[in-house]
Every structure is written in C-alpha cells, then in structure tokens.
Amino acid sequence: MIIVVTGAGGPTGDAVSRYFRKHGHTVIGVGKKDVDLLDRAAVQALAGRVEREHGHVDGVVHLVGGWRGGRSFAETSLDDWDVLHDLLIRTLQHVSLAFEPLLRRSENGRFVIVSAKAAQRPGAGGAVYAAAKAAAEAWTLSLADALKGTSSAATVLVVKALVNDAMRAQDPEGGFPGFTDVNDLAAAIGGLYDRPAAEINGTRLDLTS
Ligand SMILES: NC(=O)c1ccc[n+]([C@@H]2O[C@H](COP(=O)([O-])OP(=O)(O)OC[C@H]3O[C@@H](n4cnc5c(N)ncnc54)[C@H](OP(=O)(O)O)[C@@H]3O)[C@@H](O)[C@H]2O)c1
C-alpha cells in the first residue's frame, strides 16, 4: 500500500512509519523539513506528486500535534488558540482537502487523525486544546461524510495521551497510566484495514477502553 504520514518527524511518526514499512508497504513520511503543511499550495503539490509517482493512495495518517493550556479558564491565552489552530486544524484542513480526491478514488483508503479524550471532557485550563481537537474531529467527520459510498473511510482515534520509549527512558518510574504506546497506536491504525470501510467511516474509536 501507499501510506502518506503527515507530521512524521517525531516518535509517533517513526512508530507508524516503521509499522507499515515492516508490513511491506511504501511510506511517504512528511515532516516539516519536507513540506510545510501550513502552506496549502505545497500540500496540494505533495498530493499531485504522490498521484503522479504512485498513481493512488491507500492511507493518509495525519499526526501533527501540539499542546497549549493554562492553569485556569480565566488565564486562557488566545495566542495559544492561534498556535493550536494552525497546528491542529489548519494543517488538517490542507491535508484533507488535498487528498480527498485521491481517497475518493482509492480502492481501500483510510484517513486517520489522533484525537484526545479532552475534546469531549475539557478541563478548565484546557479550553484551547479541547476546542481545537473538537474542531479537528468535526472536520474529519465531515470528510467521512464526503467519503460515504466510496471504498474509503475517515476515522478518529481517541487517546488520553501517547507514550514512547524515549519518554519511558526519561522517566522510568512514570507508569504513564492510561497512555497509549505509539506502537499500539500504529497497530490500531493498521487494524483499520481489517475492517470494512463502511463500518469505520465517520467513527471515533477510543483506544483507551
Ligand atoms: N502526544 C500525546 O500525548 C497526544 C495526545 C492526544 C492526541 N495526540 C495526537 O496524536 C498525534 C501525534 O502526536 P505527537 O505528540 O507525536 O505529535 P507532535 O510531535 O506534536 O507532532 C508531530 C509532528 O508534526 C510535525 N509538524 C508540526 N508542524 C508541522 C508543519 N507545519 N508541517 C509539517 N510537519 C509539522 C512536527 O515536525 P517537526 O518535529 O519537524 O516540527 C512533529 O514532529 C497528534 O495529532 C496529536 O495531536 C497526541
């Protein structure tokens, strides 16, 4: 399969890319040094290049993240909103708009974002993060509606938080209760290909339960 991973620069991108490569697939990992996902024309050109070079796409895994928050609702910084708007919403808009035509034509395409429990249970100091993730979820569910009747699916995976080996090495006593290991996240994304597109299109799959 041809799998595009956007926001591939960090440990989560590494785990997802490793998973698909291990299973014999071609991964096109896109980090900031490859394409600035805030540049709509550049993202459009990326989709064009994938189509020219590979003819089709089987998966788009969007992994750009970021967190901002305050100690209380009153202390919320709207500058933080601007930052998260770009990271969590605008990059998603560019990627989904650019790849939707390819996903519509795909024989078994998957589009995936990773959202957070906080989107449905926002804490007092987490308004900007929760609202940005809720917007990203709604955007993805709209893409899912556009994919209805095709062989592709857009799905929201929900975690409390992610953990990777570097985090464990830094804090061996951490425990990280309720966290999802990035390798388990990668396997969950791979598992989306074992289920019919219609079954998972437009759903939120909670990986913590
Ligand atoms: N970490 C968690 O606990 C947690 C919890 C809930 C949900 N999630 C979600 O899970 C996904 C992965 O999380 P994460 O913590 O691994 O994400 P992350 O490290 O915050 O972001 C992933 C990558 O996105 C890249 N990126 C940022 N802006 C970009 C741009 N304009 N163009 C291209 N690439 C850009 C960064 O590349 P550079 O390194 O080159 O800047 C970074 O390596 C995210 O969607 C996140 O919101 C994570």
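**Notes on the ligand site and helix α3**

1. Start with the pocket: the ligand sits in the largest one. Keep in mind while reading that this is a predicted model.

2. The shell around the ligand counts 24 residues, and the closest are Thr12, Asp36, Val64, Lys133 and Leu162. As for where the shell comes from, α3, β4 (110-116) and α4 (127-147) each supply at least two residues. β4 gives the largest share, 3 residues.

3. Now the polar contacts. Lys133, one of the closest residues, has an N or O atom in its side chain 2.7 Å from an oxygen atom of the ligand. The backbone joins in too: a backbone N or O atom of Leu63 lies 3.5 Å from a ligand oxygen, and a polar backbone atom of Gly66 is 3.5 Å from an oxygen atom of the ligand. As for cover, the ligand has 890 Å² of accessible area on its own, and the protein covers 77% of that.

4. On to α3, which also supplies at least two residues of the ligand shell. Does its length look right or wrong for a helix of 28 residues? Residues 78-105 should span 40 Å at 1.5 Å a residue, and the end C-alpha atoms are 39 Å apart, so the two values agree.

5. That agreement in span should be read alongside a bend in α3: the helix turns by about 45 degrees at Phe99. A proline, Pro101, follows within four residues of the bend.

6. Last, have a look at the N-terminal end of α3, which is capped by Ser77. A side-chain oxygen of Ser77 lies 3.1 Å from the backbone nitrogen of Asp79.

Note on methods:
Residues numbered from 1 in each chain as written. Predicted model: local features only at pLDDT ≥ 70, side-chain atom pairs only at ≥ 80, totals over all residues. Heavy atoms only, no water. Expected span 1.5 Å × (residues − 1). Bend = angle between axes of the 7 residues up to and from the residue. Polar contact = N/O pair within 3.5 Å; in protein donor to acceptor, adjacent residues only side chain to side chain. Near = heavy atom within 4 Å. Areas by Shrake-Rupley, 256 points an atom, 1.4 Å probe, with all protein chains shown as cover. 1 Å grid on protein atoms, 1.4 Å probe; cavity = no way out; pocket = protein on both sides within 12 Å on 5 of 7 lines; lining within 4 Å. Sits in = over half its atoms within 2 Å of the grid points.
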